[in-house]
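Today I sat down with a fresh model to look up its aromatic rings. My plan was to go from the pairs to the cluster and then to the charges.

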Amino acid sequence: MKKTWWKESVVYQIYPRSFMDSNGDGIGDLPGIISKLDYLKQLGVHVVWLCPVYQSPNDDNGYDISDYQQIMDEFGTMEDWEQLLEGLHQRGMKLIMDLVVNHSSDEHHWFAESRKSTDNQYRDYYIWRPGKDGREPNDWASFFSGSAWQKDEATDEYYLHLFSSKQPDLNWENETVREEIYRMMTWWLDKGIDGFRMDVINLISKNPDLPDAHTPDPGMGTMPPEEGHTYHFGGQHFVNGPRVHEYLQEMNRKVLSRYDIMTVGETVNVTPEDGALYVGEDRNELNMVFHFELMQVDSGPGGKWDIRPWRLSEIKQIISKWQTLLHNKGWNSNYLNNHDQPRMVSRFGNDSVYRKPSAKMLATLLHTLQGTPYIYQGEEIGMTNIRLSSIDDYRDIETLNMYQEYKQAGRDTDAIIESIYIKSRDNARTPMQWDGTEQAGFTNGQPWISVNPNYTDINVQEALADPDSIFYYYQRLIELRRQEPIIVYGDYTVLQPDDEQLFAYIRSYEGQKLLVVLNFTDQAQLFKLDARVSYYEPQLLISNYGGDHGRALAEEARSHDLRSLSLEPYEARVYLWQE
């Protein structure tokens, strides 16, 4: 297996709007991020992924870009951005930027021209079609609810938008569009960035016939047809589309291969077999992809907002499938939350009594699998979901659209709100909690979205003062990954895949074994090591229970008896030995 810097890195994702405000306008900005670079260096991360900071009208919090080569005024200036890049590089860290090229903003000059007339030179930069039988060109649904088509009165035609109506899809069939995008990417790479995270990159190729979908796909959260709407996901016509690999290989050939960078593609509705096509080391496309299979583990037949309890055996099955099927073919990206997902300690752990141990347990999982770990801001201090008091306090367009659509369909309002508490993207977008002062030290103004009221107990200042904090546990995990190549490159074998309480697996590499045992419950559990697993002089590398308990575990390891392990609630242990 080829060794590279991006396989050995840990990535920290920054959502700029919510990270740190420097000027009191309530919106995080680039100078705010610059002021916290020493904090990131102290944590030990190697790469920062910066969510979009480009010029945007902010319909979808920056994922609707009106100018790819300008910085949004709210975030600062290009000089601020250059200072950020320089500050990261001076500290030995790298920067990857978000690349959003499935769609632009409807305020981008390309689209402003495109909508003027059917024969405008920019018309074919986007996907326009006349209506059909007095309706939209087809029955595709937007990811953000409703039709994926918007009628434009100026030319009496519809344009495609798989997301917001202010995010028209670019037409990748047009070679000139592709060349414009490659020029823009080259411009950023020549400025010195270290790679791209590519937003919904597996949607860029659509079936050019744009056929009706007819059948619903519940995986993406649109309402099933029996609830009364006539739009269907249609993903079979634009997810992993007919020319997507051709486009990515062209992008790699013309741009990516010319630089020593990392690339990660956000890819919806992909299997490991699909993933291998995007990240295969002989395929010349991407380094790794984000898949959503694990993020759908608590979604019922009705999609994202149809919430069901997750099962640990299903989590293990999904993780194990990706770990084994990509091994020696491509590379995994590992994440448990991000700017589009709820907080992981609230979703997969226990955000009350066992917040600290469960956050550490989940971090142990994240950092001991094969693949590059991605930390989302605030995860390293155990930030939790928020229950905003009113729908008026939410900012996320997906959440607000769903609320209106479900309410109009007669759904129970209390049930809708409960789903929002669990799954809204705004759970991850509340301001970073820096200290116990007003507004959590994020701003001295009024924040753009409410601060979680638990900031007085959960904040960076408190974490840095506590030797047993989640922050320092993350620091140790990151350092262990640097010290032990087995954590990065070892293969993976799951143990007891049907157990609903414990998640255990073994990593193997160059004559070493790593055993990871994780208790996913709030009860003590007994783990019995399979008699077929032999071990020699095991060493306890890390555990999330310190003090006397940790010393007893270390002594237990020295006694060479791992056959039966009694784990405390949400306990995590990692052992290393020579074969």
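Below are my notes on ring pairs, a ring cluster and charges over rings.

**Entry 1, the count.** I reminded myself that this is a predicted model. How many aromatic pairs does the count come to? I got 35 aromatic pairs.

**Entry 2, a tilted pair.** I picked out Tyr68 and Trp110, whose ring centres are 6.4 Å apart. Their planes stand at 40°, and the pair is tilted, since tilted covers what is neither under 30 degrees nor over 60. I then looked up where the two residues sit: Tyr68 is in strand S4 (residues 67–71) and Trp110 is in helix H4 (residues 109–114), so the pair ties together parts 42 residues apart in sequence. Buried or exposed, I wondered about Tyr68 and Trp110? Both Tyr68 and Trp110 turned out to be buried.

**Entry 3, an edge-to-face pair.** Next I went to Phe290 and Tyr374, with 4.7 Å between the ring centres; the planes are at 75°, so I noted the pair as edge-to-face. This pair also links distant parts of the chain. Phe290 belongs to strand S11 (residues 288–290) and Tyr374 to strand S15 (residues 372–376), with their positions 84 residues apart. I found Phe290 buried, and Tyr374 as well.

**Entry 4, the cluster.** Back at Tyr68 and Trp110, I saw that ring pairs link both into a cluster. Its other members are Tyr54, Trp81, Tyr122, Tyr125, Trp187 and Trp188.

**Entry 5, charges over rings.** Which residue lies over the face of Trp5? I found Lys94 there, at 4.6 Å from the ring centre. Over the face of Trp128 I found Arg123, at 3.7 Å from the ring centre.

Methods. Residues are numbered from 1 along each chain as its sequence is written. This is a predicted model: local features need pLDDT of at least 70, side-chain atom pairs count only at pLDDT 80 or more; totals for chains, interfaces and linings use all residues. Side-chain values use heavy atoms; hydrogens and water are left out. Rings of Phe, Tyr and Trp (its six-membered ring) pair if their centres lie within 6.5 Å; planes under 30 degrees apart count as stacked, over 60 as edge-to-face and the rest as tilted. Helices (H or I, at least four residues) and strands (E, at least two) are DSSP runs, numbered from the N terminus. Buried means under 20% relative accessible area, exposed over 50%, partly exposed in between (1.4 Å probe, protein chains only). A charge sits over a ring if NZ of Lys or CZ of Arg is within 6 Å of the ring centre and within 35 degrees of the ring normal.
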